Amino acid sequence: MPSESRSPSQSSLAPHSGFRPLPASLFAAKALDASPRLLGQTLVRRSEIGVIRSRIIETESYGGIEDKGSHAYGGRRTNRTEIMFGAGGTAYVYLIYGMYHCLNVVTGEPDDPQAVLIRAVEPLTEEDERRMRMLRKIKSKKPADLSGGPGKLCRALDIDKSFNGCRLNVPTSSLYLEAGDDVDGLDIVCGPRINIDYAEEYAAKPWRFFLKDHPCVSVNDKANPPQPFYR
DNA sequence: TATGCGATCGTCT
DNA sequence: GACGATCGCATAC
């Protein structure tokens, strides 16, 4: 029986077979470049209740020490922000308002703090949705209530601070990224980032990116209708 | 459907 | 000691 003669470890590798990595250039790029490119890509969470795959719907760019909206503004290098100063490809996870976690993809070169906040995802399949619902513990069936929002998606995927520093570019991690279906550039819109009023002239920069008219988008900012974005 | 507000704690000053 | 890269509930219309 040829199939039985394979290494026992083969079975544990099965979930990774067919892994489609994102290009290294995406992780090495500036956050402003990586943000729209992350839309449509697949976020994979290998959780205790099973593998959950989701599609990235909305992102925000936080780039460089000059960005007054960034935790690393002015080169602030603390225990919390340290991971952003490393090479791209890792996760930056922090606690906000004392009760919610936010997931960022660190990008760029070492010593240049670049991060992309993941603001919304959608489950890829009904089974993925069932697992996310189990973790969220909500009654609402509105897609945006499940995982449309940085705190919501972290609950739906059981992501907490223990994922800070997690390598997102390798399929052996319990949280990683892989290539999804291509997104038409014409479906991408942009607008100002959410809840960073303190960022002065940086508050109005159109550095939030999302898929046009998608039901999982976290906030509909009526004062700032989405603008087209062309690659 | 829209708006207002309280929860809750790690992080930095 | 102050303040969030938020969310969910209550209230109003």
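Buried means under 20% relative accessible area, exposed over 50%, and partly exposed in between, with a 1.4 Å probe and protein chains only. The model is predicted: local features need pLDDT of at least 70, side-chain atom pairs count only at pLDDT 80 or more, and totals for chains, interfaces and linings use all residues. Residues are numbered from 1 along each chain as its sequence is written, chains are lettered from A and ligands numbered from 1 in the order in which they are written, and side-chain values use heavy atoms, leaving out hydrogens and water.

**Exercise 1.** Work out how Phe19 and Tyr176 are arranged, and whether each is buried or partly exposed.

*Solution.*
- Start with the pairing rule: rings of Phe, Tyr and Trp (its six-membered ring) pair if their centres lie within 6.5 Å, and planes under 30 degrees apart are stacked, over 60 edge-to-face, the rest tilted.
- A search of the whole structure turns up 4 aromatic pairs.
- One of them, Phe19 with Tyr176, has 5.7 Å centre to centre and 75° between the planes, so it is edge-to-face.
- Tyr176 has 1% relative accessibility, so it counts as buried, while Phe19, at 22%, is partly exposed.

**Exercise 2.** Find the rings that have an arginine over them.

*Solution.*
- The test asks for NZ of Lys or CZ of Arg within 6 Å of the ring centre and within 35 degrees of the ring normal.
- Arg80 puts its charged end over the ring of Tyr94, 5.9 Å from the centre.
- Arg193 does likewise over the face of Tyr62, at 4.7 Å from the ring centre.

**Exercise 3.** Describe what surrounds DNA strand C, and which atoms make polar contacts there.

*Solution.*
- Count residues with a heavy atom within 4 Å of the strand: there are 20, and the closest are Asn104, Arg136, Gly151, Asn195 and Tyr198.
- Of the strand C atoms within 4 Å of the protein, 58% belong to sugar and phosphate.
- Now look for polar contacts (pairs of N or O atoms within 3.5 Å). A polar side-chain atom of Arg136 is 2.8 Å from a phosphate oxygen of strand C, and a polar backbone atom of Lys152 is 3.0 Å from a phosphate oxygen.
- A base is involved too: a backbone N or O atom of Gly69 lies 3.5 Å from a base nitrogen of strand C.

**Exercise 4.** Do the job again for DNA strand B.

*Solution.*
- The surrounding residues include Arg76, Thr78, Leu95 and Lys222.
- Sugar and phosphate make up 76% of the strand B atoms within 4 Å of the protein.
- Lys161 has a polar side-chain atom 2.4 Å from a phosphate oxygen of strand B.

Note on methods:
A polar contact is a pair of N or O atoms within 3.5 Å; within protein, one must be able to donate a hydrogen and the other to accept it, and residues adjacent in sequence count only if both atoms are side-chain atoms.
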